[in-house]
Amino acid sequence: MQTLINDLLTYSKASGAEKKFEKTNLNNLLSEIKNNFVDTIEEKNGSLLIDTLPDINAISFQLRQLFINLISNALKFLRTDAAPKIKVAYSKTKGLDIKNLNSQPLEDYHHFTVSDHGIGFDKEYEHKIFQVFQKLQSKNEYEGTRIVLSICKKITQNHHGFISATSVKNVGSSFHIYLPASL
């Protein structure tokens with residue numbers, strides 16, 4: 001119950017928090033996050049690889065929460081037959097090249113991908129996964145409040161961006177974050 005309350009407070013903060021954008025060094029931010037997960041990753045014989053990332057204007061504490069949520073989910077939804085391999089990739093792309101109704105064709109976007117080799121999920125859930133309290137696995141398999149990905153969606157919206165997911169069951173998932181480069 002305490003976890004649910006904490007997650008609801010985080011969601012509420014993401015919804016109503018002061019949206020102060022500041023230059024954010026994402027290399028430093030992800031390095032700090034990686035250090036927070038180093039024991040868990042080593043314990044599971046896993047890896048967390050991070051591309052060189054840009055400095056962007058962002059709400060720093062929210063981006064920290066976004067990446068923590070996605071990495072912790074990758075470490076939670078593991079296959080039993082493989083060590084966790086998580087990758088944070090970066091590229092810059094044109095809105096015209098993004099297959100999403102929310103993209104602006106003439107806008108440049110920072111594209112971050114957090115991918116894993118976890119349990120994945122069925123394609124039918126790709127759009128439902130960001131809804132509050134959406135659960136894809138049985139309650140007995142994985143505990144949690146089912147709000148973490150909703151927080152990620154709210155954070156990307158606060159940055160005038162969007163998030164999507166692709167996955168193959170028992171192969172892994174990729175979460176695609178698009179943030180306008182003009183921020």
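# A tour from the chain's end inward

**Stop 1: the tail.** Select S182. With a relative accessibility of 56%, S182 counts as exposed. Exposed means over 50% relative accessible area, buried means under 20%, and partly exposed lies in between (1.4 Å probe, protein chains only). S182 sits in the segment that follows strand β7. Now add D108. These two residues are 74 apart along the chain, yet 7.3 Å separates their C-alpha atoms.

Before moving on, know what is on screen. This is a predicted model, with residues numbered from 1 along each chain as its sequence is written. Local features need pLDDT of at least 70, side-chain atom pairs count only at pLDDT 80 or more, totals for chains, interfaces and linings use all residues, and side-chain values use heavy atoms, leaving out hydrogens and water.

**Stop 2: the whole chain.** Show the cartoon. There are four helices and seven strands. Both are DSSP runs numbered from the N terminus: helices are H or I with at least four residues, strands are E with at least two. Follow the sequence and the order reads α-β-α-β-β-α-β-β-α-β-β. The chain has 183 residues, and 42% of them count as buried. Next, think about contacts, meaning heavy atoms within 4.5 Å. Among the chain's contacts with a separation of 6 or more, 72% join residues 24 or more positions apart.

**Stop 3: strand β7.** Select residues 172-180, which make up β7. How many of its residues are buried? Nine of nine. Look at both faces. On one side are G172, S174, H176, Y178 and P180, and on the other S173, F175, I177 and L179; all are buried.

Now show the neighbours of β7. Two strands pair if DSSP finds at least two bridges between them. β6 joins β7 through seven bridges, and the two run antiparallel. Find I163, which stands opposite I177 of β7. β5 also pairs with β7 in the antiparallel sense, again over seven bridges. There, Y109 has P180 of β7 as its bridge partner. Finish at the hairpin of β6 and β7. Three residues lie between the strands, and N170 takes a positive phi near 65°.

**Stop 4: aromatic rings.** Show the aromatic side chains. Rings of Phe, Tyr and Trp (its six-membered ring) pair if their centres lie within 6.5 Å; planes under 30 degrees apart count as stacked, over 60 as edge-to-face and the rest as tilted. The structure holds five such pairs. Select F67 and F112. Their pair is edge-to-face, at 5.9 Å centre to centre with 85° between the planes. It links distant parts of the chain: F67 is in helix α3 (residues 60-76), F112 is in strand β5 (residues 108-115), and their positions lie 45 residues apart in the numbering. F67 is buried, at a relative accessible area of 1%. F112 is buried too, at 1%.

Next, select F162 and Y178. This pair is stacked: 5.1 Å from centre to centre, 25° between the planes. F162 belongs to strand β6 (residues 162-168) and Y178 to β7, so the pair ties together parts that are 16 residues apart in sequence. Both F162 and Y178 are buried. Now go back to F67 and F112 and add Y90. F67, Y90 and F112 form one aromatic cluster.

**Stop 5: helix α4 and the loop after it.** Select residues 148-158, helix α4. Which of its residues are buried? L149, S150, I151, C152, I155, T156 and N158.

Step on to H160, in the loop between α4 and β6. H160 has a positive phi of about 60°. At 53% relative accessibility, H160 counts as exposed. Leaving aside residues up to four places away in sequence, H160 touches F21, P180 and L183. Then show S103. Along the chain, S103 and H160 are 57 residues apart, while their C-alpha atoms are 9.9 Å apart.

**Stop 6: strand β3.** Select residues 55-58. In a regular strand the side chains alternate between the two faces of the sheet. Here I56 and A58 point to one face and are buried, while D55 and N57 point to the other and are not. Add strand β1, residues 22-25. β1 and β3 run antiparallel, joined by four bridges. K23 stands opposite N57 of β3. That pair ends the tour.
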